[in-house]
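This report goes through one protein model, from its salt bridges to its sheet, its surface and its confidence. The sequence and structure come first.

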Amino acid sequence: MTKYLVFKNQPGSGQTNVPGSREEMACIIAQVVSQQANPKDFYIAYPLENPHSTWESLKEAAKFSVEIDDERAALWENEILPLADLAENINEAIGDAYGAIVDAAQAFDHACEKSKNFQDFKVLDDIGMDRAFDNLENGSSYEVACRAEEIFEVESFHHYHA
């Protein structure tokens with residue numbers, strides 16, 4: 001089992017995780033657990049025993065630690081990452097549906113404004129889009145994040161400035 005420390009990758013550092021590496025995996029796991037949509041190289045990770053970990057810790061505190069072994073890595077690739085992607089697809093579908101309905105309602109309202117007989121119609125105001133979509137709850141992303149946090153023994157280090 002290897003513990004990885006995940007740091008915020010400083011802009012312009014020129015550092016990147018090797019694609020397909022455990023370091024890259026640790027960074028993606030941290031993003032899934034934090035439920036933040038950051039650029040691919042937002043984080044950089046090093047094994048705890050790597051001298052780069054010590055050096056990075058001197059510059060800035062680690063944001064996360066993530067534990068990965070062969071069994072967990074296979075679980076990540078074969079099950080958790082695909083589920084995280086599918087959960088995000090649900091969120092995108094909800095957003096797309098909201099946008100499509102709003103666009104259709106706006107087009108209808110605009111046509112009514114130009115009409116002689118339907119100027120008093122305001123479907124967008126009447127259908128309660130925001131209330132309807134506020135009631136749609138997709139907890140799948142949260143559930144996947146919580147399970148990944150447990151499996152990979154992710155620790156989040158919050159550093160607050162006084």
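## A salt bridge between helix 1 and a loop

E24 is buried, with a relative accessible area of 15%. The limit for a buried residue is under 20%, so E24 falls in that class at 15%. The structure discussed here is a predicted model.

The side chain of E24 makes a salt bridge with K40, and the closest N and O atoms are 3.4 Å apart. E24 belongs to helix 1 (residues 22-34), whereas K40 sits in the loop between helix 1 and strand 2 (43-47). The pair therefore ties together parts that are 16 residues apart in sequence. K40 itself is exposed, at a relative accessible area of 59%. This bridge thus has a buried acid, E24, and an exposed base, K40.

## Other salt bridges

The structure holds 7 salt bridges. One of them links R72 with D69, at 3.9 Å from N to O. Both of these residues, R72 and D69, are buried.

Another salt bridge joins E113 to K122, with 3.7 Å between the closest N and O atoms. E113 is partly exposed, with a relative accessible area of 45%, and K122 also counts as partly exposed, at 31% relative accessibility. Elsewhere, K3, E67 and E155 are joined into one network by salt bridges that share partners.

## The sheet

The model contains an open sheet of 4 strands, in the order 2-1-3-4, with antiparallel pairing. Strand 2 and strand 4 (155-156) are the edge strands, each of which pairs on one side only. In general, the strands of a sheet pair through backbone hydrogen bonds, either parallel or antiparallel.

Strand 1 (residues 2-8) runs antiparallel to strand 3, and 5 bridges join the two. Within this pairing, Y4 stands opposite V66 of strand 3, and L5 stands opposite S65 of strand 3. Strand 1 is also joined to strand 2 by 5 bridges, and these two strands run antiparallel as well. What is the bridge partner of L5 in strand 2? The partner there is Y46. L5 can therefore be followed across the sheet order 2-1-3-4, with Y46 as its partner in strand 2 and S65 opposite it in strand 3.

## A nonpolar surface patch

Which residues make the nonpolar surface patch of about 280 Å²? The patch is made by F108, F118 and F121. F121 is found in the loop between helix 3 (70-114) and helix 4 (123-126).

F121 has a relative accessible area of 37% and is partly exposed. Patch residues need over 30% relative accessible area, so F121 passes that cut-off at 37%.

## Confidence

The protein averages a pLDDT of 88, and 92% of the residues score at least 70. Confidence is highest in strand 3 (residues 64-68), at a mean of 96. Strand 3 is the strand that holds V66, opposite Y4, and S65, opposite L5.

Where is confidence lowest in the protein? The lowest value belongs to helix 2 (residues 51-59), at a mean of 66.

Note on methods: Residues are numbered from 1 along each chain as its sequence is written. This is a predicted model: local features need pLDDT of at least 70, side-chain atom pairs count only at pLDDT 80 or more; totals for chains, interfaces and linings use all residues. Side-chain values use heavy atoms; hydrogens and water are left out. pLDDT is the predictor's confidence in each residue, from 0 to 100. Patches are made of residues with over 30% relative accessible area and no salt bridge: like charges are joined within 9 Å, nonpolar side chains (Val, Leu, Ile, Met, Phe, Trp, Tyr) within 5 Å. Accessible areas come from the Shrake-Rupley method with a 1.4 Å probe; for residues, only the protein chains shown count as cover. A salt bridge is a side-chain nitrogen of Lys or Arg within 4 Å of a carboxyl oxygen of Asp or Glu. Buried means under 20% relative accessible area, exposed over 50%, partly exposed in between (1.4 Å probe, protein chains only). Two strands pair if DSSP finds at least two bridges between them.
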